[in-house]
Amino acid sequence: MITVVLFFTLVSALGIYWYQMSTRTIQENTLKLGGEIIKQMSSRLDSYFLEIVDLTVPMIARTTSAQYLEHSGKGPYERLLYTKQLNKMFYNVMVGRPDIYGISIVSQEQIAGSSYSNLFAEKRFQRIVDHLGNSGKFEIIGMDQYLDVKLLTMAVKFYSPGTRYWGILIVDLRLNKVSAVSSEVMLGDTGFAWIADPKGRYLYYPDHQKWGERIPSSYINRLEAKTAGGNVEFEDGQKILVNYRWSNVTNLAFFSEVPLSELNRDLVKLRNVTFLIGIIALICSLVVVLSVSFSLTDSILVLQRMMKRVENGNLDARVPTTKKGEIGYLYRSFNSMVDEIKNLIHTVSEFQLKEKESELRHLDSKMQALQYQINPHFLYNTLEIVNSHAIIENKPVISRIINSLARIFRYSVENHTRTVPLSMELAYMRDYLDIQMERFENLRVEIRIDESFVDHVTAVPMTLQPLLENAFKHGYQKHKLEAVYLSVSGELNGDIFYIYIEDRGGGMEPQIMDYYNDLFQGKAHAGIESGCLGLLNVHNRIQLFFRDRFGLRFVRSDNTGTVIRIALPYCDSRESE
């Protein structure tokens, strides 16, 4: 039951964690999406206002505008004359542009020439001038209302070229273009976007009744900070995801709002259903666990009593095997365990007897090992006696052969499990060749290895002798040729020291040489000739000690002889220090 409760608790914790992480991910993705949407919205309106600027700015450079600033204040006639010229210029700009409600130019003497209301333009003059200052560029002044029409006002202060006269150009836009761009933004079922002007008033809001009203104080700080971002706000008792962005082109602030409850609506439903199913599953699990636990209690108590009897030494205690299911399997396992214990007790004495016999055999092995250690000494002493008789009988050849044979035997016995310097292997090789040179009178041996390298090269014992033996056996004897030449040379290449053994025997077929090289590289396995087992053994021992970079390889083999190469590791102790 505790397991069921723990499992339910774990599943509940995972569910809560999943819900929280899902909610956070949805919030982050929605903030990113909202940020991108209002960024596009801001970009579209920036393009629109720049288009209006490009359309209207040329008017301030025209002679008509300069003449109006200079002469409109001189009298009614001049004012009427130049106002007509302005209206003609305004008409040319506004034709085909229903989004432009009107255009006005007001001189520094507050005399206006307007496409729709001179008085309305003059009334706003001082407020617009105070707002513009001396920036010399178009700015969005904010919202105005003419009669029942809400307008978005843009203005720029300009000077008549070469004079001291100045004025302002006012462009009043209908809000239908701004509304069209903003109303296209859809954020779920209830999300929306809105725009605030530089004075903190609603320039656009889905509820048109709010146009021109002050925006909430919680948004004023973002308007003044002129930055972009997003966060969660509390409004009317619910959480709202808010994105905001300020445009440095229009000085307008763009906002998007999405209720968090709308985003989490499906998640909340899924959470509630999951918890309901979990509670029902917990109740059902508790009922099942309680019913099963009561049925198991008696069986476990019986097993406990039998275990107590076995613990007290009664190995004849047994539980009934009539039970089925897991309890029946447990009962049968208990009976099998008791039977196994009895069998183990009966076999302990036999095991102890066998252990005594094993100790005796171990002592015999030690005695044999001691005997094997005595035998080499007997052979050394025997060879020494033979050498003494050879010296007495003035047989220097026999004496030299006996000394070489003794050194070979001592080297092979004492160096069978460790690596040795190449200098030791070469000394052993020279003893072997001394004996062979007595056997083959015409044999000429060349050894060309720089002695300054040999103490820095590590070799495996009994490496060179099998290769030399292979040259005698398969290079000369197999082809019924007299052994006349052997060459042992070496060269250093980086951290690898190469030894080349060359004979002038009968060689081998190219496909056989390729087969042996594949064998050394692990590419061939079956069909090995007995003559190559020794070479393969040498190759494997080298790789066992020094890894795959080292080992044997046939360089050349034809009717003029064979060259085999041995790769051994080189380590300059002076460089390592």
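**Reasons behind the labels**

Colleague: Why is L147 called exposed?

Modeller: This is a predicted model, and in it L147 has a relative accessible area of 65%. Exposed requires over 50%, so L147 earns the label. As for its place, L147 sits in the loop between strand 3 and strand 4.

Colleague: What makes the phi of L147 worth a remark, given that it is not a glycine?

Modeller: Its phi is positive, at about 55 degrees, and L147 is not a glycine. Most residues other than glycine have a negative phi.

Colleague: And K480, why does it count as exposed?

Modeller: K480 has 78% relative accessibility, and the cut-off for exposed is over 50%, so the label follows. K480 belongs to the loop between helix 14 and strand 14 (485-493). Its phi is near 55 degrees, again a positive value in a residue other than glycine.

Colleague: Let's go inward. How do you know that D144 counts as buried?

Modeller: Its relative accessibility is 11%, and buried means under 20%, so D144 counts as buried. D144 lies in strand 3 (residues 139-146). Leaving aside residues up to four places away in sequence, D144 touches F120, R124, R127, V149, K150, L151 and T153.

Colleague: What joins the side chains of D144 and R127?

Modeller: A polar contact of 2.9 Å. The limit for such a pair of N or O atoms is within 3.5 Å, so this pair passes on distance.

Colleague: Why is T562 called buried?

Modeller: At 9% relative accessibility, T562 falls under the 20% limit, so it is buried. T562 is part of strand 17 (residues 561-569). The T562 side chain makes a polar contact with the side chain of S557, at 3.0 Å. Among the residues T562 touches, with those up to four places away in sequence not counted, are I501, E502, D503 and F554.

Colleague: What makes F550 a buried residue?

Modeller: The value for F550 is 8% relative accessibility, set against a limit of under 20%, so F550 counts as buried. You will find F550 in the loop between helix 16 (533-546) and strand 16 (551-558). Setting aside residues up to four places away in sequence, F550 touches D495, I496, H539, I542, Q543, A567, L568 and P569. The C-alpha atoms of F550 and Y498 are 9.4 Å apart, with the two positions 52 residues apart along the chain.

Colleague: How do you know that N243 counts as buried?

Modeller: With 6% relative accessibility and a limit of under 20%, N243 counts as buried. N243 lies in strand 9 (residues 238-246). From N243 to I37, the C-alpha atoms are 9.4 Å apart in space, though the residues are 206 apart in sequence.

Colleague: On to helix pairs. Why are helix 2 and helix 3 called roughly antiparallel?

Modeller: The axes of helix 2 (residues 63-71) and helix 3 (residues 76-94) cross at roughly 155 degrees and come within 9 Å. Angles over 145 count as roughly antiparallel, so the term fits helix 2 and helix 3. The crossing of helix 2 past helix 3 is left-handed. In this contact, T64, S65, Q67, Y68 and H71 of helix 2 meet E78, Y82, T83, Q85, L86 and M89 of helix 3. By class, the contact has four nonpolar residues, six polar and one charged.

Colleague: What covers the buried residues of helix 2?

Modeller: The cover includes helix 3, strand 1 (100-107), strand 2 (112-114), strand 4 (149-159) and strand 5 (166-174). The buried residues of helix 2 are T64, S65, A66, Y68, L69 and H71.

Colleague: What makes helix 12 roughly parallel to helix 14?

Modeller: Helix 12 (residues 422-439) and helix 14 (residues 464-477) pack at an angle of about 30 degrees, and their axes are 9 Å apart. Angles under 35 degrees count as roughly parallel, so helix 12 is roughly parallel to helix 14. The crossing is right-handed. Residues of helix 12 in this contact include L426, Y428, M429 and L433, and those of helix 14 include L464, L468 and F472. The contact has eight nonpolar, three polar and three charged residues.

Notes:
Residues numbered from 1 in each chain as written. Predicted model: local features only at pLDDT ≥ 70, side-chain atom pairs only at ≥ 80, totals over all residues. Heavy atoms only, no water. Helix = DSSP H or I, 4+ residues; strand = E, 2+ residues; numbered from the N terminus. Buried < 20%, exposed > 50% of the residue type's maximum accessible area, 1.4 Å probe, protein only. Polar contact = N/O pair within 3.5 Å; in protein donor to acceptor, adjacent residues only side chain to side chain. Contact = heavy atoms within 4.5 Å. Axes fitted to C-alpha atoms, helices over the stretch in contact; angles between N-to-C directions. Parallel < 35°, antiparallel > 145°, perpendicular 65-115°, else oblique. Left-handed = near helix turned anticlockwise from the far one by under 90°. Nonpolar A, V, L, I, M, F, W, Y, C, P; charged D, E, K, R; others polar.
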